[in-house]
Amino acid sequence: MFDAANMQNTSRTGTSESLDGLARAIELVGQEGFLAALAVLCQSASGYDSTFTAAFFPDHPPVELFDNLPDEHSASTIKPYLDFAYFLDPFYNLFLQGVGDRVITLGECAPDDFRASEYYQTFYAGTGLFDETSVFISFGNSAAVVISLGSREEGFQLAADQRAALTALLPCIAALCRRHWPALDPNSLAGSGRMGLHLKKTFDRFASSVLSGREAEIVQLILKGHSSKSIARELGNSPETVKVHRKRIHNKLGITSQGELFSLFLEALTRAPSNATDDPLTYLDRPAGGQL
């Protein structure tokens, strides 16, 4: 039986918790406990059970600011993510497009083949997350604070009222973050410089000595989790044309699957020096497909 009174009481309780959490976050702006209070505020509004907060920059690896993840997930996922895996992250790629202040779920920004991608299987699945939503707070230097909210409860999905509550808090969260960090600079934040500043150039150059420009572009989209249909939409081609390109890519690189492509990329990334100016494949001991 529908119980309107009970729903109203529940709503008032949720509103009271959000106001209490907001008051606590305001109180701690500029102090050490601010990020923990901000996490409590966002989780109470959304129903998520964990928070990972990072500063995103267009030409620098993300800098971790806070997390309350369980130790078994934190140790195995955060460092690889900050070192290089972030570059394939749908949220990071959305940030590069200039997203502004926004609340967005993983399902809204991930490529159509994301959960079948090697990135997902190798890194994301290890987080134990079943659902994730990020709160983006933009800064004037093209940087952003990104509050990633996750749930490890099987079947969890952000409800419409929880999404609305988080969105209603967005202007307050943005104002608090900009007050806490008057400027967002990777060189002044703890934990910066994990792998160096060469990752984007390394990614852009991957397989460029072997593949055509269009084929290298397709490889980048494959690594990010796009299917042939999605790649076709991105590049204005037909899926059949993309499939022909993928076959040529496999032949030129001496691989037979997306998994082998991903492994080749990681191996090349590991071998390439931080000051590399060439295709990272040229630093491998073995040639790929006899073409190098």
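The secondary structure of this chain, taken from a predicted model, comes to twelve helices and five strands. Of its 292 residues, 49% count as buried, and the accessible surface comes to about 14000 Å², of which 50% belongs to carbon and sulfur atoms. Among contacts with a separation of 6 or more, 67% are made by residues that stand 24 or more positions apart along the chain.

**Helix α2**

- Helix α2 covers residues 34-46, and because each residue should add 1.5 Å, its 13 residues are expected to span 18 Å, which agrees with the 18 Å found between its end C-alpha atoms.
- This helix is mostly covered, since ten of its 13 residues are buried, and the buried set consists of Phe-34, Leu-35, Ala-37, Leu-38, Ala-39, Leu-41, Cys-42, Gln-43, Ala-45 and Ser-46.
- When reading such a list, it helps to recall that an α-helix has 3.6 residues a turn, so residues three or four places apart point the same way.
- Just after α2 comes Gly-47, which takes a positive phi of about 90 degrees.

**Helix α10**

- Helix α10 runs over residues 228-235, and its buried residues are Ser-228, Ser-230, Ile-231, Ala-232 and Leu-235.
- The cover over these buried residues of α10 includes α9 and α11, the latter spanning residues 239-253.
- Just after α10, Gly-236 takes a positive phi of about 75 degrees.

**The second largest pocket**

- The second largest pocket holds about 390 Å³ of space, and of the 25 residues that line this pocket, the closest to its centre are Phe-52, Tyr-81, Thr-127, Leu-129 and Glu-132.
- Two or more lining residues come from each of the elements β1 (50-57), α3 (71-83), α6 (118-122), β4 (131-138) and β5 (144-151), and the largest share, five residues, is given by β1.
- By residue type, the lining of the second largest pocket divides into twelve nonpolar, ten polar and three charged residues.

**Ser-151 in strand β5**

- Ser-151 lies in strand β5, and with a relative accessible area of 1% it counts as buried, because buried means under 20%.
- Leaving aside neighbours within four places in sequence, Ser-151 is in contact with Tyr-48, Asp-49, Gly-128, Leu-129, Phe-130, Asp-131 and Phe-156.
- Although Ser-151 and Gln-43 are 108 residues apart in sequence, their C-alpha atoms are 9.7 Å apart in space, and Gln-43 is itself one of the buried residues of α2.

**Residues in loops**

- Ala-207 sits in the loop between α8 (199-205) and α9 (213-223), and it is buried, with a relative accessible area of 0%.
- The phi of Ala-207 is near 70 degrees, which is a positive value in a residue other than glycine. As background to that angle, most residues other than glycine have a negative phi.
- Tyr-86 is found in the loop between α3 and α4, where α4 covers residues 90-96, and at 2% relative accessibility Tyr-86 counts as buried, because this value falls under the 20% cut-off.
- The C-alpha atoms of Tyr-86 and Pro-61 are separated by 7.8 Å, while the two residues are 25 residues apart along the chain.
- Pro-70 has its place in the loop between β2 (60-67) and α3, and it is partly exposed because its relative accessible area of 30% lies between the 20% and 50% cut-offs.
- Pro-70 and Ser-50 are 20 residues apart in sequence, and the distance between their C-alpha atoms is 8.5 Å in space.

Terms used
Residues are numbered from 1 along each chain as its sequence is written. This is a predicted model: local features need pLDDT of at least 70, side-chain atom pairs count only at pLDDT 80 or more; totals for chains, interfaces and linings use all residues. Side-chain values use heavy atoms; hydrogens and water are left out. Helices (H or I, at least four residues) and strands (E, at least two) are DSSP runs, numbered from the N terminus. Buried means under 20% relative accessible area, exposed over 50%, partly exposed in between (1.4 Å probe, protein chains only). Contact means heavy atoms within 4.5 Å. Accessible areas come from the Shrake-Rupley method with a 1.4 Å probe; for residues, only the protein chains shown count as cover. The expected span of a helix is 1.5 Å times one less than its number of residues. On a 1 Å grid over the protein atoms alone, a cavity is a set of points where a 1.4 Å probe fits but cannot get out, and a pocket is an open set with protein on both sides within 12 Å along at least five of seven lines; lining residues have an atom within 4 Å of a point. Grid points are joined across faces, edges and corners, and a volume is the space filled by probe spheres set on the points. Ala, Val, Leu, Ile, Met, Phe, Trp, Tyr, Cys and Pro count as nonpolar, Asp, Glu, Lys and Arg as charged, and the others, Gly among them, as polar.
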